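User: Please take a close look at a single part of this structure and set it in the context of the whole. I would like one connected account.

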Amino acid sequence: MSEHSPLDQLVAACHWIGAKGWAPATGGNMSVREDARFCLLSESGKDKGSLTRDDFIQVEIATNRAPSGRKPSAETGLHTLIYRLFPEAGAVLHTHTVNATVLSRVEKGSALRLAGYEMQKSLAGQRSHLDAVAIPLFDNDQDIDALARRIEAYAAETPFRYGFLLRGHGLTCWGQDVNEARRHLEGLEFLFECERQRRLLEAQ
Ligand SMILES: CSCCC(=O)C(=O)COP(=O)(O)O
Ligand SMILES: [Zn+2]
């Protein structure tokens, strides 16, 4: 896969996400960083499982502006926030899975705590199931600028990595490149499935 361009890798990741059923209808959005100033973001309202290279729009990270005049994702402001907050982030994947949607509603706190799972080691830098990983959880908002400001304020107080959940909405995660973002998405989704099953079984 590494002989392909980052955009080709992102298109392949979108097809993989679609095949997994993790971006139903027109849900989800995906992006890759071009450089310090620009990223390429999926066009709003498309089926993300069948995107091609032409469905990605250049967006200025500092301003959310698309020089082409085309309409990038409604959640552009979350992608650009991530590229500003995390200079090492090279790709961002946002999905609408059942596990993320349901768990983020069941969990009433400000983070989903994952501990005790070997698969935590799918996340960069994690070495042991004995450690805990907190995935921040924000109330959903149709005002993406307001949501981005809330996430930015939280990050200033509580550093975090890997991704965040939007309540009743989905997961947004990232990595230093498309491969790492894919691994984080697959690892987190597995952990969410485990956590959902554990909570169901332990409630009986
Ligand atoms: C039915 S999808 C609702 C909007 C959303 O949450 C999403 O992820 C897709 O929005 P976009 O503008 O990126 O297509
Ligand atoms: Zn969404």
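Analyst:

**Surface patch and central sheet**

V98, V102 and V106 make a nonpolar surface patch of about 240 Å². The model is a predicted one. V102 belongs to helix α3, which covers residues 98–106. With a relative accessibility of 34%, V102 counts as partly exposed, because partly exposed residues are those between 20% and 50%.

Beyond α3, the chain enters the loop that leads to β5, and S110 lies in this loop. S110 is likewise partly exposed, its relative accessible area being 46%. Leaving aside residues up to four places away in sequence, S110 touches P136, L137 and Y154. P136 and L137 fall within the range of β6 (132–138), and Y154 within that of helix α4 (residues 144–157). S110 and G175 are 65 residues apart along the chain, and their C-alpha atoms are separated by 22 Å.

The sheet itself can now be described. It is an open sheet of 8 strands with mixed pairing, and the strand order is β3-β2-β1-β4-β8-β7-β6-β5. β3 (56–60) and β5 (111–115) stand at the edges; each has a single partner strand, so one side of each is left without a neighbour in the sheet. From one strand to the next, the twist averages 20 degrees. Helix α4 packs on this sheet and touches β6 and β7 (163–166), its direction making about 150 degrees with that of β6. Helix α5 (residues 178–202) lies across β1, β4, β5, β6, β7 and β8, and runs at about 145 degrees to β8.

Within the sheet, β4 (91–95) deserves attention. Of its 5 residues, 5 are buried, so β4 is largely enclosed by the rest of the structure. In a regular strand, side chains alternate between the two faces of the sheet. In β4, A91, L93 and T95 are buried on one side, and V92 and H94 are buried on the other, so that both faces are covered.

The neighbours of β4 can be followed through individual residues. β1 and β4 run antiparallel and are joined by 4 bridges, with V32 standing opposite A91. On the β8 side, 5 bridges join β4 to β8, and this pair also runs antiparallel. There, A91 stands opposite G175. A91 therefore has V32 of β1 opposite it and G175 of β8 opposite it, in a sheet where strands pair if at least two bridges are found between them. The connection continues from β1 to β2: strand β1 (residues 29–33) and strand β2 (residues 38–42) are antiparallel and joined by 3 bridges. V32 has L40 as its bridge partner in β2.

Two loop residues complete the picture through their backbone geometry. Most residues other than glycine have a negative phi. A25, however, has a positive phi near 50 degrees. This residue lies in the loop between α1 (6–20) and β1, and A25 counts as exposed, with a relative accessibility of 66%. N64 is also not a glycine and has a positive phi of about 65 degrees. N64 is found in the loop between β3 and α2 (76–85), where its relative accessibility of 29% makes N64 partly exposed.

Definitions and conventions:
Residues are numbered from 1 along each chain as its sequence is written. Chains are lettered from A and ligands numbered from 1 in the order in which they are written. This is a predicted model: local features need pLDDT of at least 70, side-chain atom pairs count only at pLDDT 80 or more; totals for chains, interfaces and linings use all residues. Side-chain values use heavy atoms; hydrogens and water are left out. Helices (H or I, at least four residues) and strands (E, at least two) are DSSP runs, numbered from the N terminus. Axes are lines fitted to C-alpha atoms, for helices over the stretch in contact, and angles run from 0 to 180 degrees between N-to-C directions. Contact means heavy atoms within 4.5 Å. Patches are made of residues with over 30% relative accessible area and no salt bridge: like charges are joined within 9 Å, nonpolar side chains (Val, Leu, Ile, Met, Phe, Trp, Tyr) within 5 Å. Accessible areas come from the Shrake-Rupley method with a 1.4 Å probe; for residues, only the protein chains shown count as cover. A salt bridge is a side-chain nitrogen of Lys or Arg within 4 Å of a carboxyl oxygen of Asp or Glu. Buried means under 20% relative accessible area, exposed over 50%, partly exposed in between (1.4 Å probe, protein chains only).
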